[in-house]
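Q: I should like to learn how charged side chains are read in a structural model. Might we work through an example together?

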Amino acid sequence: MWKLKIAEGGNDPYIFSTNNFVGRQIWEFDPGAGSPEERAEVEEARQNFYKNRYQIKASGDLLWRMQFLRERKFKQTITPIKIEDGQEITYENATTALKRAVHFYSALQASDGH
């Protein structure tokens, strides 16, 4: 399974960093990594991408999102807001939607800030 490694690289004598490898991101493959459920989820995403690659726009960061949300045990606790056609958007609805989005994207932020 592919795993994104962020701000690592101190063990390689050929790589030097003045900022502790902040911003360095590499993908590493480990065939035995993850639980069977996680590997099945990744395989399903891969198959879905392969089948639908000409019909829908690809999300190049899907594996990254799955990894980060799983590592942080992310659960969206803010209820979604549904706005029907013709319904007026209130301040409370907009604020709730914004809080939900910020909560989600803050869970995706890496340890080095990227």
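A: Certainly; please note that this model is predicted. Side chains of opposite charge can pair when their charged atoms come close. In this structure there are three salt bridges.

Q: Which side chain meets arginine 70 in a salt bridge at 3.5 Å, N to O?

A: That partner is glutamate 38. Glutamate 38 belongs to helix H1 (residues 36-51) and arginine 70 to helix H2 (residues 62-71), so their pairing ties together parts that lie 32 residues apart in sequence.

Q: Are glutamate 38 and arginine 70 buried or exposed?

A: Glutamate 38 counts as partly exposed, at 21% relative accessibility. Arginine 70 is also partly exposed, with a relative accessible area of 25%.

Q: With which glutamate does arginine 70 form a salt bridge at 3.9 Å?

A: Arginine 70 pairs with glutamate 41, the distance being that between the closest N and O atoms. Because glutamate 41 lies in helix H1 and arginine 70 in helix H2, this pair ties together parts 29 residues apart in sequence. Glutamate 41 is partly exposed, at 38% relative accessibility.

Q: Where do arginine 46 and glutamate 43 lie?

A: Both are in helix H1, three residues apart, which is about one turn of the helix. Their side chains meet in a salt bridge of 2.7 Å, N to O. Arginine 46 is partly exposed at 46% relative accessibility, and glutamate 43 is partly exposed at 35%.

Q: Which residues are joined into one network by salt bridges that share partners?

A: The network consists of Glu38, Glu41 and Arg70.

Definitions and conventions
Residues are numbered from 1 along each chain as its sequence is written. This is a predicted model: local features need pLDDT of at least 70, side-chain atom pairs count only at pLDDT 80 or more; totals for chains, interfaces and linings use all residues. Side-chain values use heavy atoms; hydrogens and water are left out. A salt bridge is a side-chain nitrogen of Lys or Arg within 4 Å of a carboxyl oxygen of Asp or Glu. Helices (H or I, at least four residues) and strands (E, at least two) are DSSP runs, numbered from the N terminus. Buried means under 20% relative accessible area, exposed over 50%, partly exposed in between (1.4 Å probe, protein chains only).
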